[in-house]
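User: I am in my first year and would like to practise reading a protein model. Could you take my questions one at a time and show the reasoning behind each answer?

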Amino acid sequence: MKKTKTSYLLKGTPSILLVLGAGFVMASSADIRAALGMGAAVLVSMLLSSFVISLIHKKMPAYAKLPAYLLIITGFVSLISMFMQAHFHTVVDMLGVHLATLSVSAVIFRDAEEVADHFGKRYCAKTALVTGVFLTVIMAVCAVIREILGNATFWGKPIAFLEPYKISALVGAVGGYIVLAIVMAVINKITGLHHHLDENENKEDECK
Amino acid sequence: MKKILVTTAILLAIVLFFGAAMYALNLYTGPIIEKNNAGAAAGELLEVLPEGGAFEELNIAELGLPEAILKAHKETAGKGFVFEVKSAGYGPDMIVRVGVDAEGKIAGSKCIQTNDTFKKEPELDNKYNGQTLETFAPVLIGGATMTSNGYGDAINFALQAFVLVSGGELSDDVVLEGLLPTVAPAIVKPVALENVTGNITKAFKAANGAGYAYIISAGESSYLAVVYATGVCKVYDVEGNDVTEANAAVADEALAANETVDFSETVAAMLVAKFADATEITAIEIDITSSALYAASFKSGENTYYAIYSRPLSYEDSAMDIVTVIDENGAIVKQIIKQMAFGHGVEYMPGIKDFIDPSAPAFGAYLDKFTGLTEGTLSDDVLVTGATVSTSAVKTATKDAFTVFNSIKGGNN
């Protein structure tokens with residue numbers, strides 16, 4: 001399959017198309033505050049690490065790229081984590097270990113390894129921005145559904161009339177994946193992104 | 001070669017850059033994170049000491065606090081203390097956080113760890129507010145006797161710890177009262193009596209009918225006198241030493257305070273019901289150091305047996321009369337239980353209802369489990385799911401019966 005800028009940009013919307021990062025989407029979408037916190041962390045770490053990687057990728061031999069990229073991503077995630085612990089410690093408590101595991105997330109690594117490595121800093125910044133914003137939106141949508149229906153709260157505030165009707169399973173891991181699957185299905189149906197991508201790739205293959 | 005050097009330099013630069021960045025960021029975020037963490041910890045402490053502000057943790061090793069105290073925090077403005085206390089409820093690992101205000105009153109309490117099956121602890125949270133060491137009275141909730149007792153013990157330990165961290169000393173009365181479970185385990189769940197006379201400053205009656213305990217002052221000293229229902233009296237000093245012989249007057253005053261109970265008739269009736277030809281039922285004097293209260297030997301046919309009697313408590317303070325009959329070889333011939341006490345366990349485990357009727361097959365089958373057991377073969381097999389508290393009490397009574405049997409036989413089983 002030929003890799004084009006279009007396919008990278010469109011495919012760079014994890015948890016809709018590639019189901020990359022589904023684990024931390026599930027883990028971070030039980031509460032809207034956690035979802036927005038994780039979204040911001042992903043966005044910033046992706047922007048910064050993609051930018052730095054695009055600067056050095058030509059000077060790095062292939063065998064040294066993996067450790068170097070991991071160092072950079074881990075470094076930025078650690079810095080972001082320290083900042084969040086100081087100013088958003090409630091969100092960090094909610095995210096727990098999932099914030100730290102962002103360092104080895106396939107979402108950020110894909111951006112760094114494929115996009116920044118291939119297309120330079122201007123394009124990688126655009127991809128990181130699109131990926132981060134879409135991921136945040138997906139997590140926020142999942143979080144609104146899970147927090148309201150699963151926990152009978154919004155932004156941590158109780159919604160008294162929903163308390164007797166809450167579906168606690170939605171707050172757990174299985175509920176998280178179920179909600180994510182439903183959101184993915186709805187978005188794919190509305191936007192037809194998968195269909196559009198498949199068509200593009202078929203055309204590209206035919207041209208080859 | 002050049003490529004390797006460049007790669008190494010880049011990797012080194014990355015490491016140095018992030019190392020420096022983290023160091024610099026930590027200078028800014030470190031104090032904020034520390035403050036956040038302290039605030040979160042203080043929040044937990046404020047739940048049980050709402051009037052508090054900032055707290056500092058005390059070094060409990062230096063203060064000589066009871067072993068049950070796991071953590072102690074002092075409110076920096078002198079508004080009180082917060083203790084984390086380990087206790088034993090239904091399971092061994094109950095931890096209760098207790099706030100004590102500057103006047104020594106309980107300001108709040110919260111169970112923060114437990115493994116009670118029925119999760120009854122929240123019902124006890126904050127129920128002790130306002131109590132002091134002097135006015136301490138256990139709070140009991142139905143269907144959770146062991147949990148209630150464990151929670152009450154934790155509160156009592158916290159009140160004692162407050163006295164110690166405040167620079168005071170525990171009064172002899174408090175120390176002697178604290179000795180009771182250790183020196184007289186047969187005096188189960190002592191209940192304070194209101195009317196005391198003479199040199200008696202405090203009096204307690206065992207809820208299982210095993211006897212009484214008295215704090216008696218004699219000159220400048222105080223003693224703990226334990227009077228078993230059988231009429232045996234033992235006197236202990238504040239160190240827990242048996243000083244009965246040297247304090248005959250104290251023992252006499254304790255013995256005169258209440259009537260004794262003769263268990264021989266109860267035991268004889270239970271024996272005759274199972275051993276129709278039982279003869280020569282003779283009481284044996286035993287040193288009461290466990291739940292076993294009374295022992296007798298008797299003959300049935302050509303054989304001599306030993307009957308050891310216990311009266312443990314189970315759910316909702318119901319007492320069980322248990323006689324363990326052991327042969328000369330140290331094996332159980334018959335386990336006789338007059339009545340089992342299950343309390344709310346009956347509601348949760350319908351099958352347990354069979355046990356209530358001593359003539360029911362399930363009850364008979366349960367008792368048969370004991371036949372032939374020796375001290376070495378007694379195991380958790382005698383426990384019944386859904387009636388753990390009652391059957392644990394039976395197991396303890398059986399274990400204590402073997403101990404008494406060994407002492408009767410001079411340690412030679």
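Analyst: The questions and answers below concern a predicted model, and they turn to backbone angles, surface charge and aromatic rings.

User: In which loop of chain A is A:Ala152 found, and is A:Ala152 buried or exposed?

Analyst: Most residues other than glycine have a negative phi. A:Ala152 has a phi near 55°, which is a positive value in a residue other than glycine. This residue is found in the loop between helix H7 (106-151) and strand E1 (153-154) of chain A. Its relative accessible area is 0%, and because buried means under 20%, A:Ala152 is buried.

User: What is the relative accessible area of A:Trp155, and how is A:Trp155 classed?

Analyst: A:Trp155 also has a positive phi, near 55°, and its place is in the loop between E1 and strand E2 (157-158) of chain A. The relative accessible area of A:Trp155 is 43%, and because this value falls between the cut-offs of 20% and 50%, the residue is classed as partly exposed.

User: Which residues form the positive surface patch?

Analyst: One of the residues in the patch, A:Lys59, lies in the loop between helix H3 (32-56) and helix H4 (62-87) of chain A. The patch takes in lysines of chain A and of chain B, and its residues are A:Lys58, A:Lys59, B:Lys2 and B:Lys3.

User: How many aromatic pairs does the structure hold, and which kind of pair do B:Phe17 and B:Phe18 form?

Analyst: Over all chains, the structure holds 11 aromatic pairs. For B:Phe17 and B:Phe18, the distance is 5.1 Å centre to centre and the angle between the planes is 75°. Because planes over 60 degrees apart count as edge-to-face, this pair is edge-to-face.

User: Are B:Phe17 and B:Phe18 buried or partly exposed, and which residue of chain A joins them in one aromatic cluster?

Analyst: B:Phe17 is partly exposed, with a relative accessible area of 47%, whereas B:Phe18 counts as buried at 6% relative accessibility. The residue that forms one aromatic cluster with B:Phe17 and B:Phe18 is A:Phe76.

User: How many residues apart in sequence are the parts that B:Tyr306 and B:Phe405 tie together?

Analyst: The ring centres of B:Tyr306 and B:Phe405 are 5.6 Å apart and their planes lie at 70°, so this pair is edge-to-face. Both B:Tyr306 and B:Phe405 are buried. Because B:Tyr306 lies in strand E13 (residues 303-310) of chain B and B:Phe405 in helix H10 (residues 388-408) of chain B, the pair ties together parts whose separation in sequence is 99 residues.

Methods: Residues are numbered from 1 along each chain as its sequence is written. Chains are lettered from A and ligands numbered from 1 in the order in which they are written. This is a predicted model: local features need pLDDT of at least 70, side-chain atom pairs count only at pLDDT 80 or more; totals for chains, interfaces and linings use all residues. Side-chain values use heavy atoms; hydrogens and water are left out. Helices (H or I, at least four residues) and strands (E, at least two) are DSSP runs, numbered from the N terminus. Buried means under 20% relative accessible area, exposed over 50%, partly exposed in between (1.4 Å probe, protein chains only). Patches are made of residues with over 30% relative accessible area and no salt bridge: like charges are joined within 9 Å, nonpolar side chains (Val, Leu, Ile, Met, Phe, Trp, Tyr) within 5 Å. Accessible areas come from the Shrake-Rupley method with a 1.4 Å probe; for residues, only the protein chains shown count as cover. A salt bridge is a side-chain nitrogen of Lys or Arg within 4 Å of a carboxyl oxygen of Asp or Glu. Lys and Arg count as positive and Asp and Glu as negative; His and the chain ends are not counted. The place of a charge is taken as NZ of Lys, CZ of Arg, CG of Asp or CD of Glu. Rings of Phe, Tyr and Trp (its six-membered ring) pair if their centres lie within 6.5 Å; planes under 30 degrees apart count as stacked, over 60 as edge-to-face and the rest as tilted.
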